[in-house]
Structures are given as C-alpha cells and as structure tokens.
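Good morning, colleagues, and thank you for making time for this item. Please keep the sequence and the model in view while I speak.

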Amino acid sequence: MAKTRELLMTSTLAVGALVAATGCTSDPAVTAPTAAGPGSPSASATATVPADAQQASAEQAIVVRYLDAIADDDTAAAWALLSPEAQQFYGTEQTFASSSPSDGTVTPDEAAVLADADLASAEGPEGAFTLVSATTDDLADAWVVRETSDGLRVDDAGVPPTGDSLYEWTNPATGAEDQTAGGAAYDTTAPASISFASPLSQDQTEPSVVGYPDTLRVFLDGQQLPSIEAVSAGSGKRFTTEVGESSGPGRGLTVVWQTGADSLGWRSSTVLL
C-alpha cells in the first residue's frame, strides 16, 4: 500500500518545503476533504483547529482533531483527515466506521485519553512524514502525518482480518496491534521484536497492503532511534531493537515503514513497554 513514486515523493517533499517557507504550518486552519468514493480524491472544505491546539505544530493539531473526532464518534470528520492511501485501504467511509474500532487503530475510549496527553513530534527520513506520539502510564500510540495533495493528512490504516501479509509483536507479545490498556508484559532481558509473514506464504497475487519491509524506522517516546534491518526468520522477517530498561512510567515504542515501492503511504505500529 519506480520512477513514478520518485516523482510523487519529490512533489510531496516540495509541498512540505513550501509550507515551511511560507509559514503556513502555524495557520490554525486545516483543510479537510469531504469523503468521496473508494480511493478517489476528495473535495476540500475548511475546518478550524480547536483553540487549545493552535499553539501546537500543524501536525500535532491535526492529530488532536483526528482523536477528538474519533472520541466523539464523528466518523465523517475522522475519515476526512485520513490520507488517500489510508482511505484506499478501507475503501469507503462506511467500512472505516465499522472496522476501525476493532482493527488495531485507536478506539474512541483510547482517543479521548490520548487527545489530552502530551504529544511529541519527530521528523521521518528526508521530511517524508512527521510522527506524532502520545504516551500515558497505560496507553501509547503514534500517528504518521504527511503532506498530500489535500494538505496534511494522517496515515492510519488498520490490520486486515485476512488475506494479507501480517505482522506481529513478539516482545512484548501483543500480536499485530496492542488493543489492551496496559499492554502485554515486556521481557526486558531480550530485545523488542516484531515479525512479518512473507506475502508468498499467504498465496497472494497482489502487493500486500500491510507491506513487507526491509527497514523499520524506530521511535521511543517520540525520539528517533537507529533504523533496524530485517533478519530472515523462517519464511518471514524479524526485526529486533534494544531499548533497555526503565524505572519510570510506560514507554511507547513505535516502528514505521513504507507500505510498498508504488505507494506514498506509511504504516506504524506502537506498543507500550
């Protein structure tokens, strides 16, 4: 989820540079698209960032709006803030409404808590995205925010139930996504670990919407750590990273990867350590 991709990425980065140069990132207005058909471009409408988010970065402000929309069960508003690639994953707003509460993305209850948490931002490779993270004692999550043809949008697609290459955390052993407050137990004597199943093992004929990356970008409580490369693990791949011990409250560990060579979309997965 080639040469065409290089041109698209160059265009995306150019838009980001123009926004920074003209000071638009401090503008409290964020343009949100109106939901259209599956995978189709959306028309634009102006929406206002809440007053308490106006002093934050534009990326943090759009995440707050996204979380507020989910907490309020405002599916239309949340859908409008998703990137075209995330919308394409779901296909329709109706599918997003029915699937997202249980597919590993943030739930309404979690969104209500995380919207009030302190946010941390970190820039991705060559400015391709900004990762906005939130961590509490019991919850952790992060959102990839990047420039699209409609402005800043959130890459936040869930885990497909069947038919695609899946990934799972094995330390902590949360599965594909942590959906339980407090998370699974993390073994501090071993590296954090996440594994990806080979698309070939799923008998797929189409590229996986989850992706099958060679490299993961790693962030701990919003701070970028060295990227990690894949190691063969049976028919799949395993990534491990040393994060050490901590005597403080919960820490949020996030990995980010691009879904494929022909897609501008990124995916992230966060666990609470």
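Arginine R238 sits in strand β12, which covers residues 236–241. I should say at once that the model is predicted. Is R238 buried, exposed or partly exposed? Its relative accessible area is 33%, and because that value lies between the 20% limit for buried and the 50% limit for exposed, R238 counts as partly exposed. Which residues does R238 contact, once neighbours within four places in sequence are set aside? They are S193, I194 and S195, together with E229, A230, V231 and A233. As for D214, 24 residues separate it from R238 in sequence, and the distance between the two C-alpha atoms is 9.6 Å.

Let me turn to strand β5, residues 140–148. This strand is mostly covered, with 9 of its 9 residues buried. On one side point A140, A142, V144, R146 and T148, and on the other D141, W143, V145 and E147; the residues of both sets are all buried.

What pairs with β5? Strand β4, residues 130–135, runs antiparallel to β5 and is joined to it by 6 bridges. Within this pairing, L131 has V144 of β5 as its bridge partner. The connection from β4 to β5 is a hairpin of 4 residues. Strand β6, residues 151–155, is also antiparallel to β5, with 5 bridges between them. Here V145 has V154 of β6 as its bridge partner, and the hairpin from β5 to β6 passes through 2 residues.

Next, helix α2, residues 58–71. From first C-alpha to last, its 14 residues reach 20 Å, close to the 20 Å expected at 1.5 Å a residue. How many of the residues of α2 are buried? The count is 12 of 14, and the helix is described as mostly covered. Among the buried residues are the charged E59 and R65, as well as I62, V63, V64, Y66 and L67. In general, an α-helix has 3.6 residues a turn, so residues three or four places apart point the same way. After α2 comes D73, which has a positive phi, near 55 degrees.

Finally, the chain as a whole. It contains 6 helices and 14 strands. Of its 273 residues, 49% count as buried. The chain exposes about 12500 Å², and carbon and sulfur atoms supply 50% of that area.

Note on methods. Residues are numbered from 1 along each chain as its sequence is written. This is a predicted model: local features need pLDDT of at least 70, side-chain atom pairs count only at pLDDT 80 or more; totals for chains, interfaces and linings use all residues. Side-chain values use heavy atoms; hydrogens and water are left out. Buried means under 20% relative accessible area, exposed over 50%, partly exposed in between (1.4 Å probe, protein chains only). Contact means heavy atoms within 4.5 Å. Two strands pair if DSSP finds at least two bridges between them. Accessible areas come from the Shrake-Rupley method with a 1.4 Å probe; for residues, only the protein chains shown count as cover. The expected span of a helix is 1.5 Å times one less than its number of residues.
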